[in-house]
Amino acid sequence: MLGNYPIDVVLLARDLAAAKDFYADTIGLRVLSETPGGVTFQCGGDTHLVVTKSTVGTKDEQTQAAFRVADVRAEVSELRQRGVQFEDYDMPGLQTHDGIADIGFAWMAWFIDPDKNCVGMMQLKNP
């Protein structure tokens, strides 16, 4: 059954070099492999973030992937020090305060990568 296996998240990038710099140098993920068509980064456990070369990028503005973190406030603070900008939302049902939203079961924050992929970080309230 597929529920027994890790899953890799795949994001699209028009500029693969910029994506690699962002996720490796700014976010701090370790590069596992690199080809002209994509870069694979190590994430927690046996999971990976794969960024592949695309001529169209992504057309979806919603969250493409989300990291589950132990302390979203600490992660936001650290990534801000590295130059990452977090999204602010003020709409019915979703408001951020200092870049973090209470979505009921978790606290979340979102950033946009160089190819406009929306990536979230989520701290579950009752893990």
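These are legends for four close-up views of a predicted model.

**View 1. Helix α1, from its start to the glycine that follows.** Let's begin with α1, the helix that covers residues 16-26. Right at its start, Asp-15 lends a hand: one of its side-chain oxygens comes to within 3.3 Å of the backbone nitrogen of Ala-17. Now look along the helix for side chains that are tucked away. Leu-16, Ala-19, Phe-22, Tyr-23, Ala-24 and Thr-26 are buried. After α1 comes Gly-28, and its phi angle is positive, near 95°.

**View 2. Gln-123 and the residues around it.** Find strand β10, which runs over residues 118-124, and you'll find Gln-123 in it. Is Gln-123 buried or exposed? Its relative accessibility is 14%, so Gln-123 counts as buried. Its side chain has a partner, too: the backbone oxygen of Ala-70, at 3.4 Å. If you skip the neighbours within four places in sequence, Gln-123 still touches a whole list of residues: Val-69, Ala-70, Asp-71, Val-72, Arg-73, Ala-106 and Trp-107.

**View 3. Two cysteines, Cys-43 and Cys-118, without a bond between them.** How many disulfides turn up in a search of the whole structure? The count is zero. Take Cys-43: it is in no disulfide, and the nearest cysteine sulfur, in Cys-118, is 16 Å away. Why does Cys-118 have no bonded partner? Its closest cysteine sulfur, the one in Cys-43, is 16 Å off, and that is too far for a bond, because a disulfide needs the two sulfurs within 2.5 Å. Both cysteines are out of the way of the surface, at least by the numbers. Cys-43 is buried, with a relative accessible area of 15%, and Cys-118 is buried with a value of 2%.

**View 4. The largest pocket and its lining.** Here's the largest pocket, with about 580 Å³ of space inside. Which elements give two or more residues to its lining? They are β1 (9-13), β4 (48-53), β5 (63-68), α2 (72-81) and β10. The top contributor is β5, with four residues. In total, 21 residues line the pocket, and those nearest its centre are Cys-43, Gly-44, Ala-66, Phe-67 and Arg-68. Yes, that's Cys-43 from the view before, turning up again in the pocket lining. Sort the lining by class and you get 15 nonpolar residues, three polar and three charged.

Notes. Residues numbered from 1 in each chain as written. Predicted model: local features only at pLDDT ≥ 70, side-chain atom pairs only at ≥ 80, totals over all residues. Heavy atoms only, no water. Buried < 20%, exposed > 50% of the residue type's maximum accessible area, 1.4 Å probe, protein only. Polar contact = N/O pair within 3.5 Å; in protein donor to acceptor, adjacent residues only side chain to side chain. Contact = heavy atoms within 4.5 Å. 1 Å grid on protein atoms, 1.4 Å probe; cavity = no way out; pocket = protein on both sides within 12 Å on 5 of 7 lines; lining within 4 Å. Points joined across faces, edges and corners; volume = space filled by probe spheres on them. Nonpolar A, V, L, I, M, F, W, Y, C, P; charged D, E, K, R; others polar.
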